[in-house]
Amino acid sequence: MNRQDAIEHATAYFETGQLQTDLGRLVAFETESQNPEKMPELRRYLDAAIAPRLSALGFDCKVHDNPDPTGGPLLVGTRIEDPALKTVLTYGHGDVIRAQTDAWRAGLAPFTLVEEGERLYGRGTADNKVQHMINIAALESVVATRGTLGFNVKIVIETSEEIGSPGLATFMEINKDMLAADVLIASDGPRLRPERATMFMGARGGMSFDLVVDLREGAHHSGNFGGLLADPAIILSHALASITDARGQILIPEWRPDSLTPSVREALAALPVTQGSSPKVDEDWGEESLTPAERTYGWNSFAVLAMKSGVPEAPVNAISGHARATCQLRYVVGTDPDGIIPALRRHLDALGFQAVSIEQHERGFFPATRLDPSDPWVTYVKNSLTETTGETPHILPNLAGSLPNECFADILGLPTVWVPHSYLGCSQHAPDEHVLKSVCASAMAIMAGLFWDIGSGKPVP
């Protein structure tokens, strides 16, 4: 039996419809971590869906309580064939965002897998149930073909990623020895293009906060007091406008990173960020001197997520007493996270916006991480994916969004390589979430090939 046999075994898992059947079972678990009433369902997903399958594959499994009471349980599975072999840590999350049942189009339901043409619909299909299921099935294909993996595997499935992974970092700190490995290889997020594999080695960080102008109690008649009372919405608007220029270029010096190195720029040079995207990318937005790929994956971006003054749903002729904007900075390695809010405070004060207060969100923080694109594990995974598909994967130094990669990179000290099995148009976090069958089939092949290679005796980093 050889590498191609393992790939064919994995591909047959999709072609026979077994992938769709198994995914349907996972989607049926209503694992909404944003809904406290669903906490028992989170544990049931691990106990009833994941642990039995891993146990059948020779894993020792245990479901752990989350050290943070706001978070759901975590499953750790280990399959140790020989302590002298390389150990791969992999990860997934079984929780999903709120179902938004009434917003799905006719014929679809969040917790029922529906197959329509090229698409498999259901909450969690793309994010993240199909992704960790594919990786488990690829491990099964290697064992079925070779009789052994040829390396050790540890797997963590958490159930709180969609609420910011509370407790995950603490769990990693407490269990460093149990989770020790040589590399993290996991799957989350989208490919850049459905037809071509993607790799990324970290994630942009994120920090969320509110800017608030609170001047007085109540609203006051705009005729009687117009020109006499300071308008908090106008003050807040000018404060926001001082953070970037008219095309969104960041004007706070400390928020402009210094980590867009030649190796990162080289990795980003050929990425198809603007081709065929939906919605259409505004190429004249963001840092003017950078390419769209550099702006997205190698630079920081500021966004106003929501803002309010008065009652927009029923406006009246009155000057509001307060205004609020919810803001976010997505940032890359090279930005000091501890300096983000102080830099903003200094900036606002220097421009006379002392009336604007900053309220940082407790759960709105994600650290930035990045593995250098020249790392040996990056090269190893790239070569394996290229051998399977016949073309070099798209390689991102980091995902544009955020995920808990810092738990693996910073706490466990691992090189981290992510191979996503979704695509940009999957509607994750929205109604009508789906995964493409073509991506599933491709993912089965590339992961079986990769796991075969790691256990084949070929030199690994």
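Student: Which residue of E15 does Met 207 stand opposite?
Tutor: Bear in mind that this is a predicted model. Strand E11 covers residues 205-214, strand E15 covers residues 322-331, and the two run antiparallel. Across from Met 207, in E15, stands Leu 329.

Student: And how many bridges join E11 to E15?
Tutor: The pair runs antiparallel, with E11 at residues 205-214 and E15 at residues 322-331. The number of bridges joining E11 to E15 is 10.

Student: In what order do the four strands of that open sheet come?
Tutor: The sheet is open and its pairing is antiparallel. Reading across the four strands, the order is E13-E15-E11-E16.

Student: Which strands stand at the edges, each with a single partner strand?
Tutor: A strand with a single partner has one side left without a neighbour in the sheet, so that is the thing to look for. The two that fit are the strand at 301-309 and the strand at 356-366, namely E13 and E16.

Student: By how much are neighbouring strands of this sheet turned against each other on average?
Tutor: The sheet has the order E13-E15-E11-E16. Ignoring direction, the average turn between its neighbouring strands is 20°.

Student: At what angle to E15 does helix H7 run?
Tutor: H7 takes in residues 232-241 and lies across E11, E13, E15 and E16. Its angle to E15 is about 15°.

Student: What angle does the direction of H10 make with that of E16?
Tutor: Helix H10 (residues 340-350) also packs on this sheet, where it touches E11, E15 and E16. Against the direction of E16, the direction of H10 makes about 165°.

Student: Let's switch to the three-strand open sheet. Which strands stand at its edges?
Tutor: The order here is E4-E5-E21, with antiparallel pairing. Residues 114-116 form one edge strand and 434-436 the other; each has a single partner, so one side of each lacks a neighbour in the sheet. The edge strands are E4 and E21.

Student: Which residue of E21 stands opposite Leu 120?
Tutor: Strand E5 spans residues 119-121 and pairs with E21 in the antiparallel sense over three bridges. Opposite Leu 120, in E21, is Val 435.

Student: Where is Asp 432, the residue with phi near 65°?
Tutor: That phi is a positive value in a residue other than glycine. Asp 432 sits in a loop, the one between strand E20 (422-423) and E21.

Student: Which helix holds Asn 128?
Tutor: The peptide bond from Asp 127 to Asn 128 is cis, with omega near 10°. One helix covers residues 125-146, lies across E5 and E21, and runs at about 55° to E21. Asn 128 is found in that helix, H4.

Student: Are H4 and H13 parallel or oblique to each other?
Tutor: The two pack with their axes 8 Å apart, at an angle of about 50°. An angle of that kind falls outside the parallel, antiparallel and perpendicular ranges, so H4 and H13 count as oblique.

Student: How many nonpolar residues are in the contact of H4 with H13?
Tutor: H4 passes H13 in a right-handed crossing. Among the residues making the contact are Val 130, Ile 134 and Leu 139 of H4, and Met 444, Met 447 and Phe 451 of H13. Beside two polar residues and one charged residue, the nonpolar count is 13.

Student: Are H1 and H13 roughly parallel or roughly antiparallel?
Tutor: Helix H1 (residues 3-15) packs on H13 at about 150°, with the axes 8 Å apart. Over 145 degrees is the cut-off that matters here, so the pair counts as roughly antiparallel.

Student: How many charged residues are in the contact of H1 with H13?
Tutor: The crossing of these helices is right-handed. The contact includes Arg 3, Ile 7 and Phe 14 of H1, with Lys 437, Ala 441 and Asp 453 among the H13 residues. Next to 12 nonpolar and two polar residues, the charged ones number three.

Student: How many of the 10 residues of H2 are buried?
Tutor: H2 covers residues 18-27 and is largely enclosed by the rest of the structure. Leu 19, Asp 22 and Leu 26 are among its buried residues. Out of the 10, the buried number is seven.

Student: Is Ser 165 buried or exposed?
Tutor: Ser 165 has a positive phi of about 55° although it is not a glycine, and its place is in the loop between strand E6 (152-158) and helix H5 (168-174). Its relative accessible area is 9%, under the 20% cut-off, so Ser 165 is buried.

Note on methods:
Residues are numbered from 1 along each chain as its sequence is written. This is a predicted model: local features need pLDDT of at least 70, side-chain atom pairs count only at pLDDT 80 or more; totals for chains, interfaces and linings use all residues. Side-chain values use heavy atoms; hydrogens and water are left out. Two strands pair if DSSP finds at least two bridges between them. Contact means heavy atoms within 4.5 Å. Axes are lines fitted to C-alpha atoms, for helices over the stretch in contact, and angles run from 0 to 180 degrees between N-to-C directions. Buried means under 20% relative accessible area, exposed over 50%, partly exposed in between (1.4 Å probe, protein chains only). Angles under 35 degrees count as roughly parallel, over 145 as roughly antiparallel, 65 to 115 as roughly perpendicular and the rest as oblique. A crossing is left-handed if the near helix is turned anticlockwise from the far one by less than a right angle, and right-handed if clockwise. Ala, Val, Leu, Ile, Met, Phe, Trp, Tyr, Cys and Pro count as nonpolar, Asp, Glu, Lys and Arg as charged, and the others, Gly among them, as polar.
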